[in-house]
Amino acid sequence: MKYLTLTMAKAHLLVDASITEDDTYITQLCDVAEAAVEVDLDRPLVTLEDADGNLPAPIIQAMLLTVGNLYANREPVAMGV
């Protein structure tokens with residue numbers, strides 16, 4: 001998890017910071033989201049960093065949306081069914 005933090009993800013998921021039972025799971029989802037967005041963009045995320053090592057806000061938001069979807073849907077999802 002290089003670009004997302006647990007704090008960012010928990011805020012996006014509306015999970016209270018004091019609740020820690022899912023912290024490991026949420027951290028894993030952040031790793032998956034970063035990898036998935038990198039695949040979707042078909043380029044390494046590091047190539048999109050600014051001088052401070054930050055990614056553009058739309059890319060961070062795409063990662064957070066992915067985390068939210070994976071957190072809410074812990075089973076396979078069939079689209080268009």
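This is a short tour of a predicted model, stop by stop, with something to select at each one.

**Stop 1: the whole chain**

Start with everything shown as a cartoon. You'll find three helices and zero strands in the protein chain. Reading from the N terminus, the elements go α-α-α. Rotate the C-alpha trace a bit: along its principal axes, the span is about 35 × 35 × 15 Å.

Now switch on a surface. The protein chain exposes about 5,400 Å², and carbon and sulfur atoms supply 58% of that. How much of the chain counts as buried? Of the 81 residues, 27% do.

One more thing before zooming in. Take the contacts in the chain with a separation of 6 or more: residues 24 or more positions apart account for 65% of them.

**Stop 2: helices H1 and H2**

Select residues 6-13, which make up helix H1, and residues 23-41, which make up helix H2. Two packed helices are described by the angle between their axes and the distance between the axes. Here the angle is about 100° and the axes are 10 Å apart. H1 and H2 are therefore roughly perpendicular to each other, since that label covers angles from 65 to 115 degrees.

Which residues make the contact? Show side chains for Leu6, Ala9, Lys10 and Leu13 on the H1 side, then add Asp23, Ile26, Thr27 and Cys30 from H2. Try colouring them by class: this contact has five nonpolar, one polar and two charged residues.

**Stop 3: leucine 13**

Stay in helix H1 and click on leucine 13. Is it buried or exposed? Leucine 13 has 16% relative accessibility, so it counts as buried, the cut-off for buried being under 20%.

Now look at who is around it. Leaving out residues up to four places away in sequence, leucine 13 touches Ile26, Val67, Gly68 and Tyr71. You can also try your distance tool here. From leucine 13 to leucine 65, the C-alpha atoms are separated by 9.3 Å, although the two residues are 52 residues apart along the chain.

Next, select alanine 72, which is in helix H3. Its C-alpha atom and that of leucine 13 are separated by 8.9 Å, with their positions 59 residues apart along the chain. Alanine 72 counts as exposed because its relative accessibility is 60%.

**Stop 4: a pair of rings**

Time for some aromatics. The count for this model comes to one aromatic pair. Select tyrosine 25 and tyrosine 71: their ring centres are 6.2 Å apart and their planes are at 40°, so the pair is tilted.

Where does each partner sit? Tyrosine 25 is in helix H2, while tyrosine 71 is in helix H3 (residues 57-72). The pair links distant parts of the chain, as these tyrosines are 46 residues apart.

Put the surface back on and compare the two. Tyrosine 25 counts as partly exposed at 26% relative accessibility, whereas tyrosine 71 is buried, with a relative accessible area of 18%.

**Stop 5: two residues with positive phi**

Most residues other than glycine have a negative phi. Here are two that don't follow that pattern.

Select leucine 14, in the loop between H1 and H2. Its phi is near 60°, a positive value in a residue other than glycine. Leucine 14 counts as exposed because its relative accessibility is 77%. For a longer line on screen, connect leucine 14 to leucine 55: their C-alpha atoms are separated by 23 Å, and they are 41 residues apart along the chain.

Then hop over to aspartate 42, in the loop between H2 and H3. Aspartate 42 is not a glycine either, and it has a positive phi of about 60°. With 69% relative accessibility, aspartate 42 counts as exposed.

**Stop 6: glycine 53**

For the last stop, stay in the loop between H2 and H3 and select glycine 53. Is it buried, partly exposed or exposed? Glycine 53 counts as partly exposed, at 26% relative accessibility.

Finally, add tyrosine 3 to the selection. Glycine 53 and tyrosine 3 are 50 residues apart in sequence, and their C-alpha atoms are 8.8 Å apart in space.

Conventions: Residues are numbered from 1 along each chain as its sequence is written. This is a predicted model: local features need pLDDT of at least 70, side-chain atom pairs count only at pLDDT 80 or more; totals for chains, interfaces and linings use all residues. Side-chain values use heavy atoms; hydrogens and water are left out. Axes are lines fitted to C-alpha atoms, for helices over the stretch in contact, and angles run from 0 to 180 degrees between N-to-C directions. Helices (H or I, at least four residues) and strands (E, at least two) are DSSP runs, numbered from the N terminus. Angles under 35 degrees count as roughly parallel, over 145 as roughly antiparallel, 65 to 115 as roughly perpendicular and the rest as oblique. Contact means heavy atoms within 4.5 Å. Ala, Val, Leu, Ile, Met, Phe, Trp, Tyr, Cys and Pro count as nonpolar, Asp, Glu, Lys and Arg as charged, and the others, Gly among them, as polar. Buried means under 20% relative accessible area, exposed over 50%, partly exposed in between (1.4 Å probe, protein chains only). Accessible areas come from the Shrake-Rupley method with a 1.4 Å probe; for residues, only the protein chains shown count as cover. Rings of Phe, Tyr and Trp (its six-membered ring) pair if their centres lie within 6.5 Å; planes under 30 degrees apart count as stacked, over 60 as edge-to-face and the rest as tilted.
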